[in-house]
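This report covers one strand, two voids and a few single residues. Please keep the sequence and the model open while reading.

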Amino acid sequence: MLMKNKTIVITGAGSGIGAHIAKMFSNEGAKVALLDIDEDGLNNTETAISKTNGIVLKKKIDITDKKEVFTVGDTVMKKFGSIDVWVNCAGISIIIPFLDCSEEIWDKTLAVNLKGMFLGCQCAVTYMMQTGGGSIINFSSQSGKKAGARYQAYCASKAGVIGLTQSVAVEFAPANIRVNAICPGVVKTPMWDKQINDYAKKRNLKPEEVMPYFCKTIPMGRVCEYDEVGNLVMFLASNKSSYITGQAINLTGGSLMS
Ligand code: NAD
């Protein structure tokens with residue numbers, strides 16, 4: 001029970017990685033606050049956690065809305081008394097040729113992937129300062145470090161997440177708040193189900209050839225498992241990483257090494 005009596009807030013908890021992290025932390029004894037814009041997804045995650053008697057608070061919010069983010073932060077504090085870990089996991093990804101990328105796609109991607117994490121960090125820091133510290137984990141991506149074609153808005157947003165993470169980490173290290181980013185390679189989540197056709201077009205592949213293509217190009221020969229992301233989040237959330245802050249950690253099976 002690595003997380004017993006800890007409170008963790010997770011954005012993007014209605015799908016994919018965020019939903020999985022929520023279940024893992026609940027299994028380790030944490031009280032989990034699930035945030036997402038997708039109510040059905042939130043309900044599914046809540047049901048899964050309730051089956052194991054986990055303690056849950058669930059709220060449909062848009063992470064780009066400051067008032068909604070801070071209101072839910074206040075609710076979590078009133079219900080659980082602290083925010084020990086805040087995971088900014090919600091994100092969107094659109095693969096589109098650069099010249100077709102509209103202002104709307106650019107603005108939405110930057111709003112969700114970067115402004116949403118900025119607001120999440122601000123809210124987390126505000127409440128962590130009141131209780132003596134905490135750990136913030138932001139989801140960047142390997143695309144935050146290494147450019148890919150047809151991916152300008154996403155790459156820019158995820159590179160921005162690293163800058164945000166490191167700047168907040170420096171400012172609040174004296175306050176015992178650690179802030180780190182995770183840069184995963186490919187994790188087969190609903191995000192990939194939505195974008196696999198666009199990725200296939202970019203590489204001139206059939207959709208069913210995309211995952212085998214990745215496996216060939218990744219040194220470890222396979223994509224990342226949900227538990228492998230969750231284990232890294234758990235490590236960064238726990239005291240086992242007590243001297244680590246301001247890092248952007250690759251989780252790529254060897255695809256990225258710096
Ligand atoms: P996913 O699509 O399965 O889940 C993302 C969740 O974010 C969804 O539940 C969605 O409803 C939520 N969301 C989107 N906009 C929101 C908003 N405005 N307010 C609140 N919630 C919102 O995606 P995933 O694959 O689980 O990705 C999780 C994170 O990991 C993302 O930040 C993604 O960029 C990052 N990432 C994923 C991969 C991958 O291969 N899956 C690789 C690198 C990084």
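A residue is called buried when its relative accessible area is under 20%, exposed when over 50%, and partly exposed in between, using a 1.4 Å probe and protein chains only. The model is predicted, so local features need a pLDDT of at least 70 and side-chain atom pairs count only at pLDDT 80 or more, while totals for chains, interfaces and linings use all residues. Residues are numbered from 1 along each chain as its sequence is written, and side-chain values use heavy atoms, with hydrogens and water left out.

**Single residues**

By the cut-offs above, Ser-143 is buried, at 13% relative accessibility. Ser-143 sits in the loop between β5 and α5; helices (H or I, at least four residues) and strands (E, at least two) are DSSP runs, numbered from the N terminus. Contact is taken as heavy atoms within 4.5 Å. Apart from neighbours within four places in sequence, Ser-143 is in contact with Tyr-151, Tyr-154, Cys-155 and Lys-158.

Arg-150 is found in the loop between β5 and α5. The table sets Arg-150 beside three other residues.

| Residue | Place | Relative accessibility | Class |
|---|---|---|---|
| Thr-11 | strand β1 | 3% | buried |
| Asn-138 | strand β5 | 0% | buried |
| Arg-150 | loop between β5 and α5 | 29% | partly exposed |
| Asn-204 | loop between α6 (190–203) and α7 (210–217) | 72% | exposed |

Most residues other than glycine have a negative phi. Arg-150 has a positive phi, near 60 degrees. Asn-204 also has a positive phi, near 60 degrees.

Asn-138 touches Asn-88, Met-117, Cys-121, Val-161, Thr-165, Val-179, Asn-180, Ala-181 and Ile-182, when residues up to four places away in sequence are not counted. The C-alpha atoms of Asn-138 and Gly-91 are separated by 10 Å, and these two residues are 47 residues apart along the chain.

**Strand β1 and its partners**

Is strand β1 (residues 7–11) enclosed or open? Five of its five residues are buried, so β1 is largely enclosed by the rest of the structure. Both faces are covered, with Thr-7, Val-9 and Thr-11 buried on one side and Ile-8 and Ile-10 buried on the other.

Two strands count as paired if DSSP finds at least two bridges between them. β1 runs parallel to strand β2 (residues 31–36), and five bridges join them. Across this pairing, Thr-11 stands opposite Leu-35 in β2. Between the two strands the chain passes through helix α1 (residues 16–27), and this β-α-β crossover is right-handed. Right-handed here means that, with the strands pointing away from the viewer, the path from the first strand over the helix to the second runs clockwise.

β1 also pairs with strand β4 (residues 85–88), in the parallel sense and over four bridges. In that pairing Thr-11 stands opposite Asn-88 in β4. Leaving aside neighbours within four places in sequence, the contacts of Thr-11 are Leu-35, Ile-63, Trp-86, Val-87, Asn-88, Cys-89 and Ala-90.

**Cavity and pocket**

Voids are found on a 1 Å grid over the protein atoms alone: a cavity is a set of points where a 1.4 Å probe fits but cannot get out, and a pocket is an open set with protein on both sides within 12 Å along at least five of seven lines. A lining residue has an atom within 4 Å of a point. Grid points are joined across faces, edges and corners, and a volume is the space filled by probe spheres set on the points.

The structure holds one cavity of 30 Å³ or more. The largest cavity has a volume of about 30 Å³. Its lining is made up of Ile-94, Ile-96, Cys-101, Ile-105, Arg-150, Tyr-151, Gln-152, Ala-153 and Tyr-154. Helix α5 (residues 152–172) gives the most to this lining, with three residues.

For classes, Ala, Val, Leu, Ile, Met, Phe, Trp, Tyr, Cys and Pro count as nonpolar, Asp, Glu, Lys and Arg as charged, and the others, Gly among them, as polar. The lining of the largest cavity then has seven nonpolar, one polar and one charged residues.

The second largest pocket holds about 410 Å³ of space. Its lining has 22 residues, of which Gly-134, Asn-176, Arg-178, Ala-237 and Asn-239 lie nearest its centre. Strands β5 (134–139) and β6 (177–184) each supply at least two residues of this lining. By class, the pocket lining divides into eight nonpolar, 10 polar and four charged residues.
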